Amino acid sequence: MRLFLLAAAVFALPVTALAQEADAPLELPPVVMSTEHPGEVAVEPYDRSNAHAGATPFEGTAMLEAFHGVEGIGRVVDAMIDLSIEDPRIAGTFVSHDMVRLRRVLKEQFAYILGAPVDYSGRDMATSHRDIGLQAADMGALVENLQIAMDREGVDFRAQNRFLAKLAPMKDDVVTR
Ligand code: HEM
């Protein structure tokens with residue numbers, strides 16, 4: 001009896017389901033490139049190195065403390081990006097780029113430079129900006145937004161200026177026009 005019920009359960013349901021599927025158009029699953037970070041668009045493979053961060057880290061913990069640790073750095077990056085994607089001078093630059101990835105790797109980059117025990121996993125600055133066609137004025141706008149973000153976080157001016165001095169030489173790799 002138990003065997004009969006089992007057989008009925010196995011045969012009764014799938015037959016109707018199969019009949020419906022036979023008429024339905026064949027749908028293949030979309031091809032999805034794998035990414036190790038959910039919510040991000042996969043990128044072409046590249047070598048990883050902290051040297052790609054474009055600056056050597058500060059020694060000691062003073063700068064990390066001035067930015068209120070990794071959490072404070074995260075807030076600064078988020079505020080800088082939030083301001084930049086609403087900033088009519090540069091908002092268009094970010095359209096159709098992966099902002100989930102950009103926020104993640106920028107947080108890594110800033111944290112690494114500011115002396116946190118964090119590795120930078122993104123691409124180097126020249127490769128990252130090669131096809132964007134940035135001008136010096138774009139760099140100026142982004143730095144202004146970073147300054148507003150650091151002010152909001154309560155980062156003291158000396159620490160702000162020391163950090164901006166680390167970023168300044170990257171202009172040569174970032175600005176291509
Ligand atoms: C010193 C200044 C800058 C630093 C440190 C910096 C840092 C970065 C980093 C870490 C990435 C991600 C790299 C990766 O995906 O592997 C990136 C990409 C990007 N940056 Fe910058 N950036 C700077 C200046 C700028 C400026 C001025 C703009 C535009 C106003 C800009 C727009 C972008 C965009 C749109 C991407 C995404 C590129 C892509 O999707 O492949 N960046 N930047």
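**Helix packing and the ligand shell**

Helix 3 and helix 5 are oblique to each other, since angles that are neither roughly parallel, nor roughly antiparallel, nor roughly perpendicular count as oblique. In this predicted model, the two helices pack at an angle of about 135°. Their axes lie 9 Å apart. The crossing of helix 3 past helix 5 is right-handed. On the side of helix 3, the contact is made by V70, I73, G74, V76, V77, D78 and I81. Helix 5 answers with M99, L102, R103, L106, K107, F110 and A111. By type, the residues of this contact are 10 nonpolar, 1 polar and 3 charged.

Helix 3, which spans residues 69–85, also packs against helix 7. Here the angle is again given as about 135°. The axes of helix 3 and helix 7 are 8 Å apart. Helix 3 and helix 7 are therefore oblique to each other. Helix 3 passes helix 7 in a right-handed crossing. Helix 3 contributes G72, R75, V76, A79, M80, L83 and S84 to this contact. From helix 7 come L142, N145, L146, I148, A149, M150, R152 and E153. The residues of this second contact comprise 9 nonpolar, 3 polar and 3 charged. V76 of helix 3 is listed in the contact with helix 5 and in the contact with helix 7.

These pairs belong to a helical chain. The protein chain has 9 helices and 0 strands. Read from the N terminus, its elements run α-α-α-α-α-α-α-α-α. The chain holds 177 residues, of which 21% count as buried. Among contacts with a separation of 6 or more, 78% join residues 24 or more positions apart.

The ligand is surrounded by 22 residues. The closest are H97, G122, R123, S128 and L142. Four elements give two or more residues to this shell: helix 4 (91–94), helix 5 (99–113), helix 6 (125–129) and helix 7 (136–153). Helix 5 supplies the largest share, 5 residues. The shell as a whole divides into 12 nonpolar, 6 polar and 4 charged residues. Helix 5 and helix 7 thus appear in two settings. Both give residues to the shell around the ligand. Helix 5 also meets helix 3, and helix 7 meets helix 3 as well. L142 illustrates this overlap. L142 is one of the residues closest to the ligand, and L142 is also among the helix 7 residues that meet helix 3.

Two loop residues stand out in their backbone geometry. H68 is not a glycine, yet its phi is positive, at about 65°. H68 sits in the loop between helix 2 (62–66) and helix 3. H68 counts as partly exposed because it has 15 C-beta neighbours inside 10 Å. S96 is the other case. Its phi is near 70°, a positive value in a residue other than glycine. S96 is found in the loop between helix 4 and helix 5. With 7 C-beta neighbours inside 10 Å, S96 counts as exposed, because residues with 12 or fewer such neighbours are placed in that class.

Notes:
Residues are numbered from 1 along each chain as its sequence is written. This is a predicted model: local features need pLDDT of at least 70, side-chain atom pairs count only at pLDDT 80 or more; totals for chains, interfaces and linings use all residues. A residue is near a molecule or strand if its C-beta atom, placed from the backbone, lies within 6 Å of it. Ala, Val, Leu, Ile, Met, Phe, Trp, Tyr, Cys and Pro count as nonpolar, Asp, Glu, Lys and Arg as charged, and the others, Gly among them, as polar. A residue is buried if 20 or more other C-beta atoms lie within 10 Å of its own, exposed if 12 or fewer, and partly exposed in between; C-beta atoms are placed from the backbone. Two residues are in contact if their C-beta atoms, placed from the backbone, lie within 7 Å. Axes are lines fitted to C-alpha atoms, for helices over the stretch in contact, and angles run from 0 to 180 degrees between N-to-C directions. Angles under 35 degrees count as roughly parallel, over 145 as roughly antiparallel, 65 to 115 as roughly perpendicular and the rest as oblique. A crossing is left-handed if the near helix is turned anticlockwise from the far one by less than a right angle, and right-handed if clockwise.
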